[in-house]
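Visitor: Hi, could you walk me through this one? I'd like to start with a single residue and work outwards.
Guide: Happy to, let's bring it up.

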Amino acid sequence: MENKRVVLVLGVQRSGTNALHRSLALDPWVAGFNEDGDNEFYHKYRLREPSSFLPVIGKFPGIVLLKPIMDIIKRDLSELYAKFPGCEVKTAWTYRDPVNVFYSRVKRWPQADWTEPESFSAKWNEINRKGLEQANQTPQDFAIVSYDDMTVDYATFRGVSRFLGIQGVWLFRADSRSGYRHLATEVQEQIMEQTREVREALDAAGETAYKLAGTFLIRAQCHWRLKQRTLAWKALDEGYRRHPQMREILRHKILLLVDMGLFQQARQEGRGLLDDADTRPDDYVAIAEALRRGDQLEQAAEVLEEAWLRYPDSDK
């Protein structure tokens, strides 16, 4: 069982855990097992004892993906993780606008517990605080992600997928926001006020992933493919402002400028890259290739000539 990889999708019920689980499970290297009344992993929608499912995990060569959200309602997360001795466990914790969670929950289970705004808010806070505490303890293995962001931003989903080491398929659709269409305004305001502190903490924790340099590249690439060049530029510009040491972001800025036909600006940005003390032959080649693709052959040749003079022994 040593080094077996397990990914858990967790969060409050009706917070997009199903959509995230389905999206991640489409990676052919992932064996996904959603919560179930009775299978090799679950009994009455709760995880079985480790002696029952650990041998099953051992049969799969790739990642085993589970969604044991019933196990976190009344138990600490430490009890859940204790069920996976010897496994490498990563977690994606998704959260959703509590007004829409409340409406979705009451509509689905009108006779269930915490169907009044006050009791719901208390339970929503309690469960999500567990996720926040775990994220503080093991940030390298625990990602908090907004369901609302994933429904409108492919890059957010790709960011959490990369964190988990999974190549999933984005299956999200826009949230209907039914809570805001059907609940009384005073109920909406009550829930938002009673969950404000935890919501802000979740947003701040989710922002940590956004601040990673690689996330800016993902966002820019997504916008670029959709021909949204202005949005791609904004993502790269913000990424480079926050992470000036990330040379790959600057490379992408130059490529985008060439794609937009702004060759003079591309040359200026490229100059900043080439004047850096850490410049490599690859940097010259990348800029020259970008200029060549933009039919700026003379400028491309000048860049390559400078590279040859600076790195005469390079095989690039």
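Visitor: Leaving aside its neighbours within four places in sequence, which residues is lysine 253 in contact with?
Guide: Lysine 253 touches Trp233, Leu236, Asp237, Tyr240 and Glu269, with neighbours up to four places away in sequence left out. Bear in mind that this is a predicted model.

Visitor: And which of those side chains makes a polar contact with lysine 253?
Guide: The side chain of aspartate 237 does, at 3.0 Å.

Visitor: Where does lysine 253 sit, and is it buried or exposed?
Guide: Lysine 253 belongs to helix 13. Its relative accessible area is 3%, under the 20% cut-off, so it counts as buried.

Visitor: What about isoleucine 249, where is that?
Guide: Isoleucine 249 is also in helix 13, which spans residues 247–259. Isoleucine 249 is buried, at a relative accessible area of 0%.

Visitor: How does 249 relate to 253 on a helix, generally? Why would residues four places apart point the same way?
Guide: An α-helix has 3.6 residues a turn, so residues three or four places apart point the same way.

Visitor: How far is isoleucine 249 from alanine 235?
Guide: In sequence, 14 residues separate isoleucine 249 and alanine 235; in space, their C-alpha atoms are 9.5 Å apart.

Visitor: Let's zoom out. How many helices and strands does the chain have?
Guide: There are 16 helices and 7 strands. The chain has 316 residues, and 48% of them are buried. Along the principal axes, the C-alpha atoms fill a box of roughly 75 × 50 × 30 Å.

Visitor: How much surface does the chain expose?
Guide: About 16,300 Å², with carbon and sulfur atoms supplying 49% of it.

Visitor: And what share of the contacts join residues at least 24 apart in sequence?
Guide: That share is 68%, counted among contacts between residues at least 6 apart in sequence.

Visitor: Now the sheet. What order do the strands take?
Guide: The order is 2-5-1-6-7, in an open sheet of 5 strands with parallel pairing. Strand 2 and strand 7 (142–146) are at the edges; each has a single partner strand, so one side of each lacks a neighbour in the sheet. On average, neighbouring strands of this sheet are turned by 20° against each other, direction ignored.

Visitor: How many bridges join strand 1 to strand 6?
Guide: There are 7, and the two strands run parallel. Lysine 4 stands opposite cysteine 87 of strand 6.

Visitor: And how many bridges pair strand 1 with strand 5?
Guide: Strand 1 and strand 5 pair over 3 bridges, again in the parallel sense. Leucine 8 is opposite leucine 66 of strand 5. Strand 5 also pairs with strand 2, over 4 parallel bridges, and valine 64 of strand 5 is the bridge partner of alanine 31.

Visitor: Are the faces of strand 5 covered or open?
Guide: Both are covered: Ile63 and Leu65 are buried on one side, Val64 and Leu66 on the other. That fits a general pattern: in a regular strand, side chains alternate between the two faces of the sheet.

Visitor: What covers the buried residues of helix 1?
Guide: The cover includes strands 1, 2, 5 and 6, along with helix 6 (147–152) and helix 7 (154–164). The buried residues of helix 1 (residues 17–25) are Thr17, Ala19, Leu20, His21, Ser23 and Leu24.

Visitor: Which residues touch the most other members of the largest nonpolar core?
Guide: Leu8, Leu10, Phe41, Leu66 and Phe84, in a core of 44 residues. Helix 5 (residues 117–137) gives this core its largest share, 5 residues. Another core, of 24 residues, lies apart from it; Leu217, Trp233, Leu250 and Ala300 are among its members.

Visitor: Trp233 again, nice! Last topic: which loop holds tyrosine 45?
Guide: Tyrosine 45 is in the loop between strand 3 (42–43) and strand 4 (46–47). Its phi is positive, about 70°, although tyrosine 45 is not a glycine. Its relative accessible area is 44%, and tyrosine 45 is partly exposed.

Visitor: And where is arginine 177?
Guide: Arginine 177 lies in the loop between helix 7 and helix 8 (178–182). Its phi is also positive, near 50°, and arginine 177 is partly exposed, with a relative accessible area of 38%.

Terms used
Residues numbered from 1 in each chain as written. Predicted model: local features only at pLDDT ≥ 70, side-chain atom pairs only at ≥ 80, totals over all residues. Heavy atoms only, no water. Buried < 20%, exposed > 50% of the residue type's maximum accessible area, 1.4 Å probe, protein only. Polar contact = N/O pair within 3.5 Å; in protein donor to acceptor, adjacent residues only side chain to side chain. Contact = heavy atoms within 4.5 Å. Pairing = 2+ DSSP bridges. Axes fitted to C-alpha atoms, helices over the stretch in contact; angles between N-to-C directions. Core = buried A, V, L, I, M, F, W, Y, C linked by side-chain atoms within 4.5 Å. Areas by Shrake-Rupley, 256 points an atom, 1.4 Å probe, with all protein chains shown as cover.
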